[in-house]
Amino acid sequence: MHPRGDSVPQPPGDPVVVDADALAALFLALGGRGYTVVGPTVRDGAIVLAELASAAELPFGWGAETGAGRYRLRERSDTAAFGHSAGPQSWKSVLHPARARLWSADRAAGRVTAGEAAAPPRYALLGVRPCDMRAIGILDQVLTGGRQADPVYRGRRDGAFVVAVECTEPGATCFCASMGCGPGVESGFDLAMTELADAAGHRFVVRAGTPAGADVLADVPSRAADEAVIRRAGAAVDEAASRMGRGMPADGLADLLAGSRESPHWDDVAARCLTCGNCTMVCPTCFCTTTEDVTDLSGEHAERWRVWDSCYSLDFSYLHGGSVRTSGQSRYRQWISHKLSTWHDQFGSSGCVGCGRCIAWCPAGIDITQEVAALAGLRDAEKAAQEKAAQQKGQER
Ligand code: SF4
Ligand code: SF4
């Protein structure tokens, strides 16, 4: 075991074992380097992401039950801190906040003051799931990969320290394995942890992915990980892949959506969809925003804010005197087609990482995996009918 502060930083990749009690030292190490730790905690009947003052605020012993339109906390039979699937928030809410002041202006002083991008916070993101690691990678590409990087996102992202936690407890709405986004994590983290809470104790197998991660890990009491514990951690992650509650077809989604533009299924979805936009708010990759200008009543002070927007709002597609997408069916079709099809054209990957949040937090219980299955079923039935008709025509000749 390395007592805090006297060990040589581990080269990235060397795994060690950290006991759950030593999470307090991890908080101290991060705090000492100027990071504000953000991680999961229990609040208002859910596991949410919040600034944490200590390891004691982590959701030890809590899990979550999810289903279509359903999310409930449940007590676990062990003390796991990360034994829960995705909650209502993703890391988007930390790195790309729902509201950000872009600037403010005071008439009397003749002064314009820079907004939140001028002094970004330094966050340590504790407990980032593999699906959410992939989602952050997508946001990196969208918000910083082009010619116009988003200054608020870039400031927060550049300063962030990332502690990934591999998934050993998928939920009933999870399907990251079928999207190739989990449950293990390979890159993009400063530290990666796999939690084990069993008869041998509550501990984490931890590996550093960057020199900064190795530097922090050197301040946390640890011991070398032997073959047995590394195998045990790997098996827990492999087993999680086999326990995903849902799955998505691996291939052909982009073509399926592109070919389903006129599908009768959109009417069926529209009869259920409330166009509330919840699915876009909870989705870790939905990034659209709009701007709002506000002034005080005297007109002396004005502010410009950037706020999340949603392709489900009528104003979202407002162009030259009217909205382009006025019906519920066109808005749902736009959302799912962008996620699974045109995102490939735009960014070279799927826009869905299989976190399952849109399923759990849809008040109508609309399930993206089931809607895809329904579209595929209709396409296959139509194809079969066409083949049968062609066959009959051939026989009649
Ligand atoms: S699919 Fe569900 S969450 Fe999304 S807009 Fe429709 S009702 Fe709301
Ligand atoms: S579309 Fe749904 S399952 Fe896919 S990343 Fe967004 S919230 Fe998660």
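User: Which residues are the closest to ligand 2, and how many surround it?
Analyst: The shell of a ligand is read by distance, a residue being near a molecule if its C-beta atom, placed from the backbone, lies within 6 Å of it. By that rule 13 residues surround ligand 2, and the closest are Cys 283, Cys 352, Cys 355, Arg 357 and Cys 358. This is a predicted model, in which local features need pLDDT of at least 70 and side-chain atom pairs count only at pLDDT 80 or more, while totals for chains, interfaces and linings use all residues. Residues are numbered from 1 along each chain as its sequence is written, and chains are lettered from A and ligands numbered from 1 in the order in which they are written.

User: How do the residues around ligand 2 divide into nonpolar, polar and charged?
Analyst: Ala, Val, Leu, Ile, Met, Phe, Trp, Tyr, Cys and Pro count as nonpolar, Asp, Glu, Lys and Arg as charged, and the others, Gly among them, as polar. On that division the shell around ligand 2 holds 8 nonpolar, 3 polar and 2 charged residues.

User: Which residues are around ligand 1, and what is the make-up of its shell by class?
Analyst: Around ligand 1 there is a run of residues made up of Cys 273, Leu 274, Thr 275, Cys 276, Gly 277, Asn 278 and Cys 279, together with Tyr 312, Cys 362, Pro 363, Ala 364 and Ile 366. By class this shell has 9 nonpolar and 3 polar residues, with no charged residue among them.

User: How many helices and strands does the protein chain have, and what radius of gyration?
Analyst: Elements are DSSP runs numbered from the N terminus, helices being H or I over at least four residues and strands E over at least two; the protein chain has 12 helices and 16 strands. The radius of gyration is taken over C-alpha atoms and set against a globule rule of 2.2 Å times the number of residues to the power 0.38. For 397 residues a compact globule would come near 21 Å, and the 24 Å of the protein chain agrees with this. Along the principal axes, the C-alpha trace spans about 85 × 70 × 40 Å. Two residues are in contact if their C-beta atoms, placed from the backbone, lie within 7 Å, and of the contacts between residues at least 6 apart in sequence, 72% join residues at least 24 apart.

User: Is Arg 333 buried or exposed, and what of Arg 147?
Analyst: Burial is read from neighbours, a residue being buried if 20 or more other C-beta atoms, placed from the backbone, lie within 10 Å of its own, exposed if 12 or fewer, and partly exposed in between. Arg 333 lies in helix α10, residues 328–347, and counts as buried because 21 C-beta neighbours fall inside 10 Å; its C-alpha is 9.9 Å from that of Ser 263, although the two are 70 residues apart in sequence. Arg 147 sits in the loop between α3 (130–144) and α4 (151–158) and is exposed, because 4 other C-beta atoms lie within 10 Å. Across the protein chain, buried residues make up 41% of the 397.

User: Why is strand β9 described as largely enclosed, and which residues cover its faces?
Analyst: In a regular strand the side chains alternate between the two faces of the sheet. In β9, residues 161–165, 5 of the 5 residues are buried, so the strand is largely enclosed by the rest of the structure. Both faces are covered, with Phe 161, Val 163 and Val 165 buried on one side and Val 162 and Ala 164 on the other.

User: Which strands pair with β9, and which with β11?
Analyst: Two strands pair if DSSP finds at least two bridges between them. Strand β8 (residues 123–128) runs parallel to β9 and is joined to it by 4 bridges, with Leu 126 opposite Val 163. β9 and β10 also pair in the parallel sense, over 3 bridges, and there Ala 164 has Ala 192 as its bridge partner. β10 (residues 191–198) in turn pairs antiparallel with β11 over 8 bridges, the two forming a hairpin with 2 residues between them. Strand β1 (residues 16–19) pairs antiparallel with β11 over 4 bridges, placing Val 16 opposite Val 206. Of the 8 residues of β11 (residues 201–208), 6 are buried, so this strand too is largely enclosed.

User: In what order do the 4 strands of the open sheet lie?
Analyst: The order is β7-β6-β14-β13, with antiparallel pairing. β7 (111–114) and β13 (289–295) are the edge strands, each pairing on one side only. Strand β6 (residues 99–106) is joined to β7 by 4 bridges, and Asp 106 has Arg 111 as its bridge partner.
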